[in-house]
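Trainee: I've got a model open and I'd like to learn how to read it. Could you walk me through a few features?

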Amino acid sequence: MEYKNNRLSLDGVFFEDICSKHSTPSYIYSRNEILSNINSYKINIDSDDLVCFSVKSSNNLHILKLISSQGLGFDVVSGGELNKVLYINADTNKIVFSGVGKTEQDLTYAIKNNIKSINVESLSELKLISKIVQELDTSANIALRLNPEIKSKTHPYLETGSSESKFGIAKSELHKCMRIIKNQNNINLKGLAFHIGSEIKDFSYFKRAINFMLDQIKLLDMNKPIEFLDVGGGLAIKYFDNDKTLSIEEFVKKVRMLVPNDINLIFEPGKSIVGNAGYLMSKVLYKKKNILIIDAGMSDHIRTPLYGAKHNILPVRKKSKSKNKFTVAGPICESADYFDKNFRYSLDEGDLVVIGSSGAYGFSMSSNYNARLKPPEVLISNKQMRLIRKRETFDDYISEETGLE
Ligand code: LLP
């Protein structure tokens, strides 16, 4: 993203031109940035390692197809996400399925599609899989997602590896799981998995989790060695230029160095692939006191109200910073509906802004709260804008509320 003649542009396309065509609020993605992040993973992994994009971060079919075309697989967490990646003909041998609440229907669907791995999160889930494979007289490939009891330093809502967390199998239940697996030859234990959270800046947490897993692998009493270790996602991205984060290259190399070469790796990145590739463009509707009310709100992008996340917001027409502070707020009837309370640009009604690092958990967490219609998604590719999701219409929105007399 750069200013050209004082106008903000992305990969050669001016945001003002995107606004003329698709209005605001709208999500805009850079194909180049997605490809460059994918490449940073690809050139640093071994040939048998796998990168499974975490679909929850962004699930637009066009983006999934682009990612699949680069040879990546997918990490899904629901029947819906599994359906989306099957819809774009993703390679089933590159799909892993995590999640603490998989239903019998979800598991049956995954087993029938013979995906690479169901990452099992509890003893009860394993028992259910065991029942399904017996009933269907088939087999399932699984990994055990363990809870490594590591509380990483991130927002409490983004932390998933501590002993109090609902995620993963507790160490104390592992031997019971192993007994089931050993007694049933149509459950193939292919690997172990962990995911300690999102937005993790300090590699020492990953290192502790990997060492915990390697210890567990040594202790496992198994008929054959495991094929892979799935290290989850969670690598932090830069929301601001001076944020200190590990690059994808450094991260992958450090992980690879810790894990013996006979164990393949699976990475499940979400944010580090699409986070910095996406922007939310919005228009200032009203200015009162020091408050700028914009036309995007928490229904479009909930990260700030939910996690106190800070995103870099830039004016589309270049401006020098003001010494006054402004609040950038959304139109929704909630006091938490704001994007920034320290915004340094004095904008006017009608001016456009771009909210950076919005490619992950932006649109995918959007809702219709306040009966607001979901924004469109636009992909910038070869200096062209491609509408990859149209703006929701009122008819789309009410179409499921059937039976009104
Ligand atoms: N694998 C598993 C099992 C996960 O649960 C997640 C994210 C990922 C991979 C991808 O993590 P990432 O590389 O994107 O950090 N809505 C929050 C993030 C929630 C993450 C949930 N799980 C946010 O906006 O920060």
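Trainee: Let's start with the ligand. Which residues come nearest to the ligand?

Mentor: Keep in mind that this is a predicted model. Counting a residue as around the ligand takes a heavy atom within 4 Å. Here 18 residues qualify, and Ser 198, Glu 268, Arg 303, Tyr 307 and Tyr 361 come nearest.

Trainee: How many residues of each class does the shell around the ligand have?

Mentor: The shell has 7 polar, 6 charged and 5 nonpolar residues.

Trainee: And which side chains put an N or O atom by an oxygen of the ligand?

Mentor: For a polar contact, look for N or O pairs within 3.5 Å. The side chain of Arg 303 has such an atom 2.6 Å from a ligand oxygen. For Lys 271 the distance to a ligand oxygen is 2.7 Å, and for Tyr 361 it is 2.7 Å. As for cover, the ligand on its own has 580 Å² of accessible area, and the protein covers 91% of it.

Trainee: What kind of space does the ligand take?

Mentor: The ligand takes the space of the largest pocket.

Trainee: Now the sheet. What is the strand order?

Mentor: In general, strands of a sheet pair through backbone hydrogen bonds, parallel or antiparallel. This one is an open sheet of 3 strands, ordered β1-β2-β3 with antiparallel pairing. Since β1 (2-4) and β3 (13-14) are at the edges with a single partner strand each, one side of each has no neighbour in the sheet.

Trainee: How many bridges join β2 to β3?

Mentor: There are 2, joining β2 (residues 7-10) to β3 in antiparallel fashion. Ser 9, for instance, has Phe 14 of β3 as its bridge partner.

Terms used: Residues numbered from 1 in each chain as written. Predicted model: local features only at pLDDT ≥ 70, side-chain atom pairs only at ≥ 80, totals over all residues. Heavy atoms only, no water. Polar contact = N/O pair within 3.5 Å; in protein donor to acceptor, adjacent residues only side chain to side chain. Areas by Shrake-Rupley, 256 points an atom, 1.4 Å probe, with all protein chains shown as cover. 1 Å grid on protein atoms, 1.4 Å probe; cavity = no way out; pocket = protein on both sides within 12 Å on 5 of 7 lines; lining within 4 Å. Sits in = over half its atoms within 2 Å of the grid points. Nonpolar A, V, L, I, M, F, W, Y, C, P; charged D, E, K, R; others polar. Pairing = 2+ DSSP bridges. Helix = DSSP H or I, 4+ residues; strand = E, 2+ residues; numbered from the N terminus.
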